[in-house]
Each structure stands twice: as C-alpha cells, then as structure tokens.
Amino acid sequence: TGMATTVYLYNANQEKADSISVTTNEYGSYSGKFKLPEGVLNGEFYIADETLNGTSYFSVEEYKRPKFYVEYETVKGTYTVNDSITVKGNAKAFAGNNIDGAKVTYRVQRIARYIYPWLYRKIGYPRGSNAEITHGELKTNADGSFNITFKAIPDASVSRELEPVFDYKVTADVTDINGETRSGETTIAVSYKSLQLIVDVPEILPADSLKTISITTKNMNGQFEPSLVYCTVY
C-alpha cells in the first residue's frame with residue numbers, strides 16, 4: 001500500500017516513448033493510461049515497471065475500417081469430377097455500391113475427404129495429396145461480380161471405389177482502386193457421383209408406425225436438386 005513507482009512505455013524499437021508515475025492503493029494495485037504515439041513504427045510495444053521488474057507486451061497495428069466485403073453465391077445444379085465448375089463471387093461495398101474494376105487474385109486448392117469409413121476399414125485410412133488446381137487474376141464487372149471457372153480434377157492416387165469427396169477451396173483477394181484488399185473463400189464439394197440421397201427412416205420402429213418415408217436429394221454441396229426416385233419396400 002502506498003508504494004510509488006514509474007511505468008514506462010516502450011515502442012517497437014524498444015525505445016522509451018512515455019512514462020507515468022503511479023502509487024499503489026490499499027489493495028496493492030495501481031492503474032494509469034498512455035496515449036500511443038502517432039507516426040511511428042507499428043509492431044510489438046510493451047510497458048514495464050522497472051521497480052517491480054514486471055512487463056506486459058501488446059501489438060500496435062494500423063486499423064482501417066473495411067469499405068467492402070467479398071461473398072460467393074451457392075453453387076447449384078449437379079456435377080461430377082472432371083466437370084468445369086464456375087463459382088460466382090461479388091465485391092460489395094458496405095455503403096451499397098458495387099466495387100467494379102477491382103483486381104481479383106484467386107487460387108483453387110483440392111483436398112480429399114472420405115465420408116464412408118466402412119469402405120476402407122480393412123485397408124486403413126487412404127492417403128491423398130492436396131494440390132493447387134489453378135490460379136490467376138481477373139477484374140470485377142460493373143456490378144461487382146466475378147466468375148472463377150476451374151476443372152474439378154480428381155486425385156488419381158485415390159481409388160474411385162472408396163467414393164472420395166474432393167473439396168475445392170476457392171480463395172480470392174480483391175483489391176479496389178484505392179488499394180484496399182478484402183479476401184473471401186468458399187468450398188465446393190465434388191465427387192464421382194452427382195447426388196446425395198438422404199433417407200430419413202429410424203433403424204428400429206413399430207410396424208404400425210411406418211407410414212411415410214422421407215427421401216431428400218441434394219447435390220454434393222447440400223443444395224436441393226429435384227430428382228426422380230424409385231423406392232422399393234420389401
């Protein structure tokens with residue numbers, strides 16, 4: 001209680017930028033505040049109480065309120081591996097206007113995923129290789145939209161019998177005419193099959209309760225796709 005000490009502020013170059021004198025209260029604690037200097041190098045600053053040999057580090061970075069964001073439309077329709085898939089993106093300003101003429105730098109990466117574990121239970125977990133499928137640059141249209149088209153090349157090292165799903169991660173960095181860059185990414189799931197069939201029936205239920213069977217058809221990204229279904233009960 002009542003202990004007087006000095007707390008120093010150090011900048012990113014480990015130079016003393018400011019100091020304040022403080023005195024502990026009845027609980028042995030003290031408080032104070034610094035005004036961070038402007039026009040200096042950003043980075044890791046710290047405060048130090050050299051009397052008590054204590055330090056605390058924190059990062060100082062330039063903050064700029066974003067003016068726009070990047071979003072993608074959900075991929076609809078059915079498709080399988082080796083098809084050409086087009087992903088539609090948009091750069092929209094928070095003020096409501098479109099970001100036209102902005103540079104879009106993109107890349108597409110492939111990651112294998114396995115959804116039927118019983119298919120490889122005896123041979124062990126299959127190993128596929130991640131790969132970059134394509135990359136490039138383009139410009140946003142007048143309405144702020146842009147299209148990224150890629151071929152869904154499968155991983156030939158993974159057996160088709162394991163029914164793998166390939167996730168194609170699309171990443172785009174959009175830079176407007178003022179130099180501000182915003183990023184957005186989406187993932188497109190592609191398989192050797194174009195549809196998922198979901199049958200919602202409990203494994204066990206009373207015979208007189210089996211009155212309806214719920215069947216849903218979706219593409220590999222979970223979007224509903226109308227299909228003709230033949231159902232046999234025996």
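Start with the strands: the protein chain has 13 of them and 0 helices. Keep in mind that this is a predicted model. Walk along the sequence and you simply meet β after β, in the pattern β-β-β-β-β-β-β-β-β-β-β-β-β.

**Overall dimensions**
- The protein chain has a radius of gyration of 29 Å, whereas a compact globule of 234 residues would come out near 17 Å.
- Put a box around the C-alpha atoms, lined up with the principal axes, and you get roughly 85 × 55 × 40 Å.

**Inside and outside**
- Of the 234 residues in the protein chain, 29% are buried.
- The accessible surface of the protein chain adds up to about 15,700 Å², and carbon and sulfur atoms account for 47% of that.

**Contacts along the sequence**
- Take the contacts in the protein chain between residues at least 6 apart in sequence: 60% of these link residues at least 24 apart.

**A nonpolar patch on the surface**
- Nine names to look for here are L197, V199, V201, L205, L210, I213, I215, V229 and V233, which together make a nonpolar surface patch of about 700 Å².
- One of the patch members, V201, sits in the loop that runs between β12 (196–200) and β13 (214–218).
- Is V201 buried, exposed or partly exposed? V201 counts as partly exposed because its relative accessibility is 33%, and the partly exposed class covers what falls between under 20% (buried) and over 50% (exposed).

Terms used: Residues are numbered from 1 along each chain as its sequence is written. This is a predicted model: local features need pLDDT of at least 70, side-chain atom pairs count only at pLDDT 80 or more; totals for chains, interfaces and linings use all residues. Side-chain values use heavy atoms; hydrogens and water are left out. Patches are made of residues with over 30% relative accessible area and no salt bridge: like charges are joined within 9 Å, nonpolar side chains (Val, Leu, Ile, Met, Phe, Trp, Tyr) within 5 Å. Accessible areas come from the Shrake-Rupley method with a 1.4 Å probe; for residues, only the protein chains shown count as cover. A salt bridge is a side-chain nitrogen of Lys or Arg within 4 Å of a carboxyl oxygen of Asp or Glu. Helices (H or I, at least four residues) and strands (E, at least two) are DSSP runs, numbered from the N terminus. Buried means under 20% relative accessible area, exposed over 50%, partly exposed in between (1.4 Å probe, protein chains only). The radius of gyration is taken over C-alpha atoms; the globule rule is 2.2 Å times the number of residues to the power 0.38. Contact means heavy atoms within 4.5 Å.
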